[in-house]
Each structure stands twice: as structure tokens, then as C-alpha cells.
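Hi,

Here is the structure I said I would pass on. Have a look at it first, and then read my notes below.

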Amino acid sequence: MSEAAKILNCEEEPIHLCGKIQDFGYLLVFNLIGKCIAISENCRRWLPLDLPAAMQLKIHDFLGFIYQEMGVKIESLDLSHISRSPLTFKTHLHGECFQLTIYIHNDLIFLEFEKNESIVIELSQLNEFQRNFDFSDNIWQTLCENIYRIIGFDRIMVYQFLEDSSGIVIAEKKTIQEESLLGYRYPEFDIPQQARKLYLKNLARQTPDIHADTVPLFGAEPTQIDLSKSQIRALSPIHLQYLHNFGVRASASFSIVIDDKLWGLVACQNITPKFIPYDRKSLCLFVTHYAATKYLVEQQRIKIEDDQKIKEIELELKERLVFNSSIEKTLKEFAKPFMQAIPSSGLIIRSPDFVTRYGETPSDYLLEEIHAEINSRIGDENIFTSHAFSLPNNKKTDNSNWTGVARISFDKEHDYAIYWFRKEILTEEKWAGIPEKHPIFSEEKNAYIYSPRTSFQLWKKQVKGQSERWSTFDINFLTRIHKLIQDSLLRKMNEVKRLNERLIEANNKLETYTHQLAHDIRNPLSIIKTSAQFIYAKQDLTRDFLGKFSKNIAEAADLINSIIDKTIESTKESANILSYEVVTTETFIHQIIQQAVQRYGVKNYEVILGDLLPVYGEKTLLYQLFMNLINNAIKFSSKKDTAILEIYSKKEDNNTIYYIKDNGIGIAETEKENLFGMFKRLSNANEFEGSGVGMAIVKRIIDKLHANIEFQSKVNEGTTFKIAFPNE
């Protein structure tokens, strides 16, 4: 062997570029302008000229030869539409019936002749096939029997491809003494991937005699002509050797395509050579399609029934999740239905706070190991299944009670999850020979190629470490239950979030009301304190003075009571607790000014009062509003040489507008946006007392009175507040 030799897998064999056809047909190939580029050498049998001369002809010249035989003016047929679908019809060559198919593939035009017979398929025969399917409990077995009636091969099998790409015989009809192959497994490499792709392109294939001579194409190298669509293409030598090793001379196959995928094959074998005419082959393909459709309809019926089963559990579970405050309790109630829906030997409901078990389950320690291992495999996925689950090799444990594991989790960390467990089941697989390949060296290809298997004797394999597989129904159930529970958890979380937000809002309101109350009663308390101190210090007060101070104390106490009552009322959620009336502001504005001047010890001040129009609103809230604004105006102007306060009002549209102006410290431009925030103090107000609550209270009162407030201000020049009160 030279150093350049390598191993060629079956998948690498270019079986579609063999450059040969089988001898039961003829092939002519043309380019798109109609020039002949290849002719099968057996066309000499019917062409009136030799092959080199024939290569000089155009496509319509050949169609003229065919016309002479068939009596139909084929050269006048429009070939432009064959790019969409093949053109096929019966014809005759040298006295024999053929089926001519004209098609385009890879920008080449193919004229393909395949032997046929002059038979007429009776409608009654099709009806019989249909009745056989309609009254059958096993579609695939009936398919084998129907195809046997059409072609009479010694053995007809339905071969299904499995998830691991191997295959299994699921139905069989045989008339020979050889052992039944029903239930036998075949390895993936028996039908390599490139062959499977061709089975999707060409749904019917046959080899009448594996020892028959093949026919090369004249005029083109094999690699120049892609024969993927040809029904008379020669088979791979490896495939022919495989059939020879199997002990058959003729074979045929019909592709079972479901949902545009190669689901399986109808494999037909005959001990002696046997040819299937085109019409019978087409009839076999028709009943195969019919069986696939019946199977698909049956699967849809089963799916509808399965969906109904899941829906019943979904509806009950959804109702419980909505009305039961405890998701944990609900899941525990549904543990048994969960285990019945997906047959399992054990179930665990897991969360950071609890682990609930049903049936046979792994220990707490093993559960954490399993949990961590699954997390490492699936990342952010929330659904996991395995019918052959085990921990890493360095953690040797008996997993016979949890060989099958399914899990749905409901959060990113997978802390909330439900586990299903299935026990190990020991099974015995029947294989048609030991599934292994043996390379042999090919001098021609300077490479090792894999020889087809020589033994198809029954070989049994004991399968351990597997449970019953999780079915499509199981996966669908897990997916839908996962979504339902996750949505419920999300809804519960949102409810808790809303409750927390309301609690925070309530706490904030309570804190605001507390600060508001403390802020607003400070003024009347100051009056009570000052009056009491004056009475205590002056023992010889006249009755008039005592009456005046007593009145001040009583009015301040009444005001405190009123503020407390309104604050309590404002904490209620009712929108109709305020009693509106037309309120005269002049009296309490004078009172507030005098109290503020006294409180902040202002010596030099100037008060300019214009019209003080009545306002429609709630009396105590209006008092609190003006008290806060006037107190601030005087407080922040108190350090000026002369504190100036101007208050006036006017009617404008349907509002009463009040203006309150001062010449105080003003408000910086960068701080105007946050003026009405809670605990927001101005950066230039550090030398003045205050808690940053007053303006927040102002804004709350404005909102309650459905009024509007605006302001203009310049630092060190003063501030003007404009308050618009609706008149009704």
C-alpha cells in the first residue's frame, strides 16, 4: 500500500456519478439548447445510425425517430414546461413497450426509456387495495401484502429508520422458507447517507438482476452526468455485493416519505431475477403513498386524542393553580395524574424550600448529583429527557431505578423543578448480522474501502442501561405542563410584586402623612407654646390680654384637630371624602403672615396684598396650602434687609389665580425639576430650618384640589408661585 492510500467510507462513494445505466432502459442526455451530450450505448438497438453520428443530432431529431414508432407527433410537443414537472407517456421501440420520461436536472434534459407492459389498471383493483387498508389493523403489514399482489416478490418488508439512523423491519410478507426478518435491526451503514438522499429524490428503484451487465454512457465522462433523478441508474458495486451476500438476485425499493422526510422504505427481494414493468412499479409507489397518508392520518388522530388527554389535565391544573394560593399544594395534588400521564416509577417535586417524593426515587444526595449533572448539560433549557441517564464515570452508582429521567424546571437556576423517573429495562435486540464494517484494500482506488457484510445471521445484543424511551406524547405533555406552571408562577410572582409595590406605596404614603402632619401642626403648636409662655411669664395680665391669648390657643388647638382629621381622611382611598365650598382666604392669609413673621423673627418686612378672591375648595387643605407657601416665602426672605411678600389674585377663564411672590434666595435652574419631591432641600437653603417636606405637601394638596401650580424663580432674586384653582 502506498503512503497516499486512505480509508473511503460508503458515504464518500459518488453513486450518482456512476456513468452507467441498467439494461432494461435507454438514456439520452441533452444540454438546454438541445445538443446531445451523452447516449447509453445500448441505444444502438433502435437508432438507425451509429453513436458518433447520433451525437451530432438535436433533441427533436431523436423525437422524430420515436414518432415513426409510436404514431404520435412528439417533435411538436412543447418541452418548455418540463422544468416544472416531468413529461411521461408510453411509446414503442423495436416492437417493445416502453415508458418515456422527459425531465430536466442540473440544466440537462434527459430522455429516459424504461420497459413497460401494455396493462390497464382497473378501478376495481385500486378499490380493493383501499379496502385492504381501511379494514386493516396494521397499515404496514397490509402495504406488504398489497405490493406482493402487484409484483409477487419472494420477500417484501417495511423498513423504518430509527432516531439513531439505524433501521428495523416492522412488517414483512414472505413466500420463501428463509427465516423471518421481522423485528431485525440493521446498522446505519447498510444504507449510507448519500443513498438516503437519493431515496428522497427518486422514490422508486429496482434491480432486476444484480449480475446483469450495466450499460455505460457514450460521449461523456461519468462525473459529468448527475444521474440522481434516473430510475434506470446502475447500482453501486458495493450495493450489488451487499445483495449478493444477502442471497438475492433482484430487489426493488419504494420510499416512504412522511412530512417531507424519509421515514422508511418498502424493501422487496427475490431469489431469482425479476423485472417490474414501469406501470406496476408506479402502482407500488401509489399504494406506498396511500399507506403513508393513512399512517399520517392515524398519527393525527392519535395526536388529537393525546391532546385531549393533556388538555383535561391542563384545564384542571389551571383551575387549581388559579384558585389555590399554594402552588406547592397544587403540584402535590397532581403528582399521581402526572405519573399516570407519563408512566413512571417515581416523581419528585423540588424547590429550595422542600422536596416531595412519590414512588421509587433517588436519595437526596443522588438527587443533587443528578440535578447538577443535568444543569451542566442543558444550560438555560428548561426541559430535559434521557432514557439512558447516568452520572459521570467517576461517580459509579446504581442507577437502575432512575435510568430514565425527565425534568421540567421553571426558573433560570432550575431551583424549582419536577422530575419523572423510569426504571431500567433489560432488552434484547435482534440484528441481521453483527453490525460492523471491515475495510479491504482496493488497488484501483489506492484506498481501503469498506466491504459489504457477508453475514446476515441472527445476532442478539443485550441492551442495558436504558429505560422505556420518552415518547412524542411525553415530550408534548412536559412542554405544555411546563408552560402552564411557569405562567402560573409568573402570575403569582407578579401578584406578589404588585402587593409589595402597594405595600411600599402605602408605607411611603404613611411616611408622607407623618411628615405632613408634623410639618403642618408645627405652626399652631408654636402659637400655643408662645402664648402659654407669655401668660406664664406675665403674672399681671389684664382680662383682655388673657382673653386674646386664650383665643389664640383655642384657635391653634382647633386648627391642629382639623389638620389631624383631614390627614386621617386623606389616607382613605375614597375620592369623595373632601367637602368643597367657597372659602374666603383673606382672614387666614393675614393670620398666616403674622404667625410666620413671628415664628421666623422677621424684623423688617413689607407685605403687599392685592385682591384676595374667594377660592372653591376644601377649607383645611387651602389653609395648609397657603400656610406652606407663605411660610416658605417669609422664611427664605427673612435674611434680606427687607423681606418682601406680595400676594394677589384675579379671575382668568374659569379659574381663580393666586400669585405669591417673595424676594428670597430663589431656586437654581438645575433644582427646579425636583422641587416638589419628598425630602428635597435646596442646595442654598442649608442655613434655614426645614425637612424638605413642605413642597411635597403642597403638590399633594394641589392634586387633591384638582388645581395647578407653576413657578418662576431666579437665585438671590426671589420666587413667584402661580396657583390656578378651578371655580367648580
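**Cavities first**

Searching the whole structure turns up three cavities of 30 Å³ or more. Bear in mind that this is a predicted model. I spent some time on the second largest cavity, which has a volume of about 60 Å³. Which residues line the second largest cavity? They are I593, V597, Y605, E606, V607, A633, I634, S637, A643, I644, L645 and D662. Two or more of the lining residues come from each of α14 (586–599), β25 (605–609), α15 (619–635) and β27 (643–652). If you sort that lining by class, you get nine nonpolar residues, one polar and two charged.

**The chain overall**

The chain holds 16 helices and 30 strands. It has 728 residues, and 46% of them count as buried. Taking the contacts with a separation of 6 or more, 65% are between residues 24 or more positions apart.

**A seven-stranded sheet**

One open sheet has seven strands in the order β2-β12-β4-β3-β7-β6-β5, and the pairing is antiparallel. β2 (20–22) and β5 (87–93) are the edge strands; each has a single partner strand, so one side of each has no neighbour in the sheet. Ignoring direction, neighbouring strands here are turned by 25° against each other on average. At the β5 end, β5 and β6 (residues 96–105) run antiparallel and are joined by seven bridges. If you want a spot to look at along that pair, K90 has Q99 in β6 as its bridge partner.

**A five-stranded sheet with a helix across it**

Another open sheet is built from five strands, ordered β16-β15-β19-β18-β17, again with antiparallel pairing. Why do β16 and β17 each have one side without a neighbour in the sheet? β16 (355–359) and β17 (383–386) stand at the edges with a single partner strand each, so one side of each is left free of a neighbour in the sheet. The twist from one strand to the next averages 10° in this sheet.

Within this sheet, β18 (residues 404–409) pairs with β19 (residues 417–422) in the antiparallel sense, over six bridges. S409 is the residue opposite A417 in β19. Helix α10 (residues 364–378) lies across β15 (346–350), β16, β17, β18 and β19, and runs at about 105° to β19.

**S345**

S345 is also worth a look. Where does S345 lie? S345 is in the loop between α9 (335–341) and β15. Is S345 buried or exposed? The cut-off for buried is under 20% relative accessible area, and S345 has 19% relative accessibility, so S345 counts as buried. Leaving out residues up to four places away in sequence, S345 touches M339, Y358, G359, E360, N401, F421, R422 and K423.

**Helix α16**

Last stop is helix α16 (residues 694–704), where the buried residues are G694, M695, A696, I697, V698, I701 and I702. H706 follows α16 and has a positive phi, near 60°.

That's what I have for now. Shout if anything is unclear.

Cheers

Conventions
Residues are numbered from 1 along each chain as its sequence is written. This is a predicted model: local features need pLDDT of at least 70, side-chain atom pairs count only at pLDDT 80 or more; totals for chains, interfaces and linings use all residues. Side-chain values use heavy atoms; hydrogens and water are left out. Two strands pair if DSSP finds at least two bridges between them. Helices (H or I, at least four residues) and strands (E, at least two) are DSSP runs, numbered from the N terminus. Axes are lines fitted to C-alpha atoms, for helices over the stretch in contact, and angles run from 0 to 180 degrees between N-to-C directions. Contact means heavy atoms within 4.5 Å. On a 1 Å grid over the protein atoms alone, a cavity is a set of points where a 1.4 Å probe fits but cannot get out, and a pocket is an open set with protein on both sides within 12 Å along at least five of seven lines; lining residues have an atom within 4 Å of a point. Grid points are joined across faces, edges and corners, and a volume is the space filled by probe spheres set on the points. Ala, Val, Leu, Ile, Met, Phe, Trp, Tyr, Cys and Pro count as nonpolar, Asp, Glu, Lys and Arg as charged, and the others, Gly among them, as polar. Buried means under 20% relative accessible area, exposed over 50%, partly exposed in between (1.4 Å probe, protein chains only).
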